[in-house]
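Reader: Got a minute to go through this one with me? Let's put it on screen before we start.

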Amino acid sequence: MSLTPYLFFDGDCEEALDFYVSAIGGEITQKMRFSEAPPEAEVPSSDKIMHAALMTPVGPIFASDNRDAATPKVKGMSLSLNYGSVDTARRVFEALAEGGEKQMEFHDTFWSPGFGTLTDKFGIQWMVGVGDEA
């Protein structure tokens with residue numbers, strides 16, 4: 001059994017995936033465009049991303065360009081990244097925050113030697129911290 005986050009973007013999925021590879025690390029292992037679907041799939045022909053898989057050092061993330069503009073934005077959910085060192089967590093936090101908005105600056109807390117929250121430039125909420133193993 002596994003649980004994989006599946007992120008939907010408003011036409012900038014490919015840009016977001018490249019950004020996450022740069023910020024978090026990993027590799028895009030699958031990328032299928034709507035234009036590659038067979039005719040019987042009845043999807044609009046587009047170069048936008050129908051499905052992609054990003055294998056990060058901390059696990060997979062799936063992503064797609066949202067076909068339905070009426071779909072509401074996700075609220076009340078964040079992706080949580082936990083690292084073994086303050087330096088690594090701080091570097092990833094700052095990279096993800098580029099062009100986005102920090103809700104809680106990365107700093108030491110009573111539960112962690114480093115933790116911060118942000119919304120990246122694509123609207124995805126993140127919590128980045130240092131786990132117990134640090």
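**Contacts, sheet and chain**

Author: Starting with Pro-60: leaving aside neighbours within four places in sequence, Pro-60 is in contact (heavy atoms within 4.5 Å) with Thr-4, Pro-5, Leu-54 and Met-55. Keep in mind that this is a predicted model, where local features need pLDDT of at least 70, side-chain atom pairs count only at pLDDT 80 or more, and totals for chains, interfaces and linings use all residues. Residues are numbered from 1 along each chain as its sequence is written, and side-chain values use heavy atoms, with hydrogens and water left out.

Reader: Which element does Pro-60 lie in?

Author: Pro-60 lies in strand 4. Helices (H or I, at least four residues) and strands (E, at least two) are DSSP runs, numbered from the N terminus.

Reader: And how far apart are the C-alpha atoms of Pro-60 and Thr-4?

Author: They are separated by 6.2 Å, with the two positions 56 residues apart along the chain.

Reader: Is Pro-60 buried or exposed?

Author: Pro-60 is partly exposed, at a relative accessible area of 26%. Buried means under 20% relative accessible area, exposed over 50%, and partly exposed in between (1.4 Å probe, protein chains only).

Reader: OK, the sheet. What's the strand order?

Author: Four strands make an open sheet, ordered 1-4-3-2, with mixed pairing. Two strands pair if DSSP finds at least two bridges between them.

Reader: Which strands stand at the edges?

Author: Strand 1 (6–9) and strand 2 (27–33) do; each has a single partner strand, so one side of each has no neighbour in the sheet. The twist from one strand to the next averages 20 degrees. Axes are lines fitted to C-alpha atoms, for helices over the stretch in contact, and angles run from 0 to 180 degrees between N-to-C directions.

Reader: In which sense do strand 2 and strand 3 pair?

Author: Antiparallel, over 6 bridges, with strand 3 covering residues 49–56. Glu-27 stands opposite Met-55 in strand 3, and Met-55 is also one of the contacts of Pro-60.

Reader: Where does helix 1 lie?

Author: Helix 1 (residues 13–24) lies across strand 1, strand 2, strand 3 and strand 4 (59–65), and runs at about 5 degrees to strand 3.

Reader: Switching to loops. Where's Ser-35?

Author: Ser-35 is in the loop between strand 2 and strand 3. Its relative accessible area is 35%, so Ser-35 counts as partly exposed. Beyond neighbours within four places in sequence, Ser-35 is in contact with Ser-45, Ser-46 and Asp-47.

Reader: And what separates the C-alpha atoms of Ser-35 and Ser-22?

Author: 26 Å, for two residues 13 apart along the chain.

Reader: What about Thr-119, buried or exposed?

Author: Thr-119 is buried, with a relative accessible area of 16%. Thr-119 sits in strand 7 (residues 115–119). Leaving aside neighbours within four places in sequence, its contacts are Gly-100, Glu-101, Gln-103, Ile-124 and Gln-125.

Reader: Zooming out, how many helices and strands does the chain have?

Author: 2 helices and 8 strands. From the N terminus, the elements run β-α-β-β-β-β-α-β-β-β.

Reader: What does the C-alpha trace span?

Author: About 55 × 25 × 25 Å along its principal axes. Of the 134 residues, 36% count as buried. As for contacts between residues at least 6 apart in sequence, 53% join residues at least 24 apart.
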